[in-house]
Amino acid sequence: MSSIVGFPRLMIEVIKNDKCTLCGTCEAICPNRVVKINEKPALKGACLLCDVCYAFCPIVDDAAEEAKYKLLNPIFKNESIGGYMNIYSARSKLKKVLNVAQDGGIVTSFLISLIENKVIDGALITTVDEEWRPKPTIATSKEEVLNGSGTSYAVSSNLKVLHEAVVERRLKKLAVVGTPCQINAMRKLQLFPSVSGLGSEIYLTIGLFCTESFDYDILRQYLERNDVDIRNVKKFDITRGKFLVNGKDGENLMDVPIKEMKSLARGSCHYCKDYTAEYADISVGSVGSPDGRSTVIIRSKRGSRAFKRLNKERNIECIPMEKVKPGIDLIIKLSHRKKESARL
Ligand SMILES: Cc1cc2nc3c(=O)[nH]c(=O)nc-3n(C[C@H](O)[C@H](O)[C@H](O)COP(=O)(O)OP(=O)(O)OC[C@H]3O[C@@H](n4cnc5c(N)ncnc54)[C@H](O)[C@@H]3O)c2cc1C
């Protein structure tokens, strides 16, 4: 046990080592409400030295790996992509969703279905402003969910607003959308809800496949160096090894190999071994599916129930993953590569 505890320990072992994922957990969980994330987590008052922020940090090595896995209780296990029940390639049938979604609009479809059927009271998602600055957001209606559709490759501290959702707005059942590191943090909260005071309200976790994310300012400066004004961007995409930027007038503003951007990725991403959000109830990404569709990995019973409901509503079309190309082999390959190249 370290002689340094509390936020100072988090600062030394995680933040100063450039391992902070900016997930937002430390801000949400601090009992004294003194941890605030701006560019990095920082203390804005006296630390109680309770060590909760450190214990729930997703980057801190934890003995809970097996327990997190048991929360899912999946049928199959693959060493590259984790446990699962079924894998599909799916796509929304609704223009309203497809017009704003990143890929097949499946994350948006899940959230709308869960909110409209009153399975959840709200969802933690990311919205962006006109300059693509990400903002962790609590969505409680279909319109608010649609407003957050699409991908921001800049990191968004989605869990930051968990305290507001649970304690201030008293929402009882939440879905949380997040990158693998954020899902990892949520599972820790769920495993120890009485310590965290926040985990029991998380009903469903939707994880996004993730190779890496970027700090907003770094991404913006990179675009500027390439003569791209972020205000003209309609969509960012990472596909087939390329980073693509599409403009509002339909033009292609950038098309570079993603390898070129590796050095710009956030420090914590270099340690991450999780490509497919292995501890989520449902994981969603584009890899494996044809363009315009989403790959959907159902991992838990809750995830399976949400998927059955969504299918019944007939707003999505869905086919087993074995029937599409490039298919599951590519997901396994990229997941394996991420594990192999992660720093220890
Ligand atoms: C940083 C990052 C890296 C990714 N890398 C890959 C990859 O390598 N391979 C791959 O197949 N897929 C990757 N994805 C996932 C992909 O971009 C899509 O989010 C996914 O395919 C779901 O598409 P959809 O049309 O179903 O989502 P939509 O219906 O458009 O919904 C997307 C949801 O994601 C939320 N969101 C957007 N940005 C963020 C963010 N920064 N943090 C947390 N939540 C956010 C939105 O609020 C929305 O609820 C990545 C996503 C992120 C955020």
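This talk walks through the domains, sheets, helix packing and ligand shell of one predicted model.

Let's start with the overall layout. The chain is assigned two domains. Domain 1 takes residues 7-213 plus 265-341. Domain 2 is 216-264. So much for the bounds. How far apart are the domain centres? Over C-alpha atoms, 23 Å separate them. Twelve residues of domain 1 are in contact with twelve residues of domain 2. On the domain 1 side of that contact, five residues are nonpolar, four polar and three charged.

Next, the sheets. I'll take the eight-stranded one to begin with. The order is β7-β6-β8-β9-β13-β14-β5-β15. This sheet is open, and its pairing is mixed. Which strands sit at the edges? They are β7, residues 134-139, and β15, residues 316-320. Each of those pairs on one side only. From one strand to the next, the twist averages 30°. Look at the β15 end. Strand β5, residues 86-92, runs antiparallel to β15, and five bridges join them. In that pairing S92 stands opposite I316 of β15.

A reminder on strands in general. Strands of a sheet pair through backbone hydrogen bonds, either parallel or antiparallel. Side chains in a regular strand alternate between the two faces of the sheet.

Now the three-stranded sheet. Its order is β10-β11-β12, open again, with antiparallel pairing. Here β10 and β12, residues 252-257, are the edge strands. Each of the two pairs on one side only. Neighbouring strands are turned by 10° against each other on average, direction ignored. Zoom in on β10 and β11. Strand β10 covers residues 233-239, and β11 covers 242-247. They pair antiparallel over six bridges. Which residue of β11 is the bridge partner of I238? That is F243. The two strands form a hairpin with two residues between them. There, R240 takes a positive phi near 45°.

On to helix packing. Two packed helices are described by the angle between their axes and the distance between the axes. I have two pairs to show.

Pair one is α4, residues 65-72, with α9, residues 180-191. The angle is about 85°, and the axes are 10 Å apart. That makes α4 roughly perpendicular to α9. Which residues meet? From α4, A67, K68 and L71. From α9, R187, Q190 and L191. By class, the α4 and α9 contact holds three nonpolar, one polar and two charged residues.

Pair two is α6 with α12, the latter being residues 301-312. Their axes come within 10 Å and cross at roughly 90°. α6 and α12 are therefore roughly perpendicular to each other. On the α6 side, the contact uses S109, F110, S113 and L114. On the α12 side, it uses A306, R309 and L310. The classes for this α6 and α12 contact are four nonpolar, two polar and one charged.

Helix α6 brings me to the ligand. There are 34 residues around the ligand. Which come nearest? V107, T108, I125, G148 and G285. Several elements give two or more residues to this shell: α6 (106-116), β6 (122-128), β8 (174-178) and β13 (282-285). The largest share is three residues, and it comes from α6. So α6 appears twice in this talk: in the contact with α12, and in the ligand shell. β6, β8 and β13 also recur, as strands of the eight-stranded sheet. How does the shell divide by class? It has 14 nonpolar, 19 polar and one charged.

Last, some backbone details. Most residues other than glycine have a negative phi, and most peptide bonds are trans. Two spots to check against that. The peptide bond between K325 and P326 is cis, with omega about 5°. P326 lies in the loop between β15 and α13, the helix of residues 328-341. Then D51. Its phi is near 80°, a positive value in a residue other than glycine. Where is D51? In the loop between β2, residues 41-43, and α3, residues 52-55.

That's the tour. Happy to take questions.

Note on methods
Residues numbered from 1 in each chain as written. Predicted model: local features only at pLDDT ≥ 70, side-chain atom pairs only at ≥ 80, totals over all residues. Domains from an automatic or database assignment. Contact = placed C-beta atoms within 7 Å. Nonpolar A, V, L, I, M, F, W, Y, C, P; charged D, E, K, R; others polar. Near = placed C-beta within 6 Å. Helix = DSSP H or I, 4+ residues; strand = E, 2+ residues; numbered from the N terminus. Pairing = 2+ DSSP bridges. Axes fitted to C-alpha atoms, helices over the stretch in contact; angles between N-to-C directions. Parallel < 35°, antiparallel > 145°, perpendicular 65-115°, else oblique.
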